[in-house]
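Student: I would like to go through the charged pairs and one core position. Can we take them in turn?

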Amino acid sequence: MFTLGGFAIVQAADGGVLFCLRKDRPIWNLPGGRVELHESPWKATERELFEETGVVGIVDRLIAVDYDVGKNDLASYFLCKAPQVLPTETDEAERFSFFTKADMPETMYSRHRRIVERFFDGEAAFFSSVVT
């Protein structure tokens with residue numbers, strides 16, 4: 001089954017990117033998730049950012065589109081602007097942290113790590129794919 005997702009890249013003033021520690025498994029990931037029926041990927045990203053972190057953000061621009069061949073999953077990654085980035089615990093995430101490229105933890109969703117590393121390297125907008 002084909003799935004479509006949207007994920008937020010929220011950058012702090014020091015350059016770190018916001019990640020959530022999931023409650024259902026001990027792994028860090030970008031805020032985001034599945035696009036619902038009749039919803040655009042950018043609106044899904046804004047909704048998921050709020051649901052997972054309590055942060056109200058607005059999509060600024062597309063950073064990446066990534067296709068996972070094995071999972072038949074297409075994900076869009078958007079840079080989001082937020083007037084206040086004060087994440088709060090939610091049903092889906094228990095902790096939050098801003099990571100730079102140098103301090104990203106090992107327990108991170110590898111797909112998100114790959115996208116954020118390329119973002120830190122200054123790639124403006126890119127397409128990628130992976131086979132899992």
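Student: How far apart are the closest N and O atoms in the salt bridge of Asp24 with Arg22?

Tutor: This is a predicted model, where local features need pLDDT of at least 70, side-chain atom pairs count only at pLDDT 80 or more, and totals for chains, interfaces and linings use all residues. Residues are numbered from 1 along each chain as its sequence is written, and side-chain values use heavy atoms, with hydrogens and water left out. A salt bridge is a side-chain nitrogen of Lys or Arg within 4 Å of a carboxyl oxygen of Asp or Glu. For Asp24 and Arg22, the closest N and O atoms lie at 2.6 Å.

Student: Which other residue forms a salt bridge with Asp24, at 3.6 Å?

Tutor: Side chains of opposite charge can pair when their charged atoms come close. Asp24 has a second such partner, with the closest N and O atoms 3.6 Å apart. That partner is Arg25.

Student: Is Asp24 buried or exposed?

Tutor: Buried means under 20% relative accessible area, exposed over 50%, and partly exposed in between (1.4 Å probe, protein chains only). Arg22 has 22% and is partly exposed. Arg25 has 46% and is also partly exposed. Asp24 has 52%, so the label is exposed.

Student: How many residues apart are Arg34 and Asp73?

Tutor: Arg34 forms a salt bridge with Asp73, the closest N and O atoms being 2.8 Å apart. The pair links distant parts of the chain: Arg34 sits in strand β4 (residues 32–34) and Asp73 in strand β6 (residues 73–81). Strands (E, at least two residues) are DSSP runs, numbered from the N terminus. The separation along the chain is 39 residues.

Student: Is Asp73 buried or exposed?

Tutor: Its partner Arg34 is partly exposed, at 43% relative accessibility. Asp73 has 4%, so the label is buried.

Student: Which residues are linked with Arg34 and Asp73 in a network of salt bridges?

Tutor: By the rule above, the count comes to 14 salt bridges. Some of the residues join into a network that includes Arg34 and Asp73. The others in it are Asp66, Arg111 and Arg114.

Student: What is the C-alpha to C-alpha distance between Leu79 and Gly57?

Tutor: Leu79 is in strand β6. Leu79 is buried, at 6% relative accessibility. Gly57 is 22 residues away in sequence, and the C-alpha distance is 9.5 Å.

How values were computed. Helices (H or I, at least four residues) and strands (E, at least two) are DSSP runs, numbered from the N terminus.
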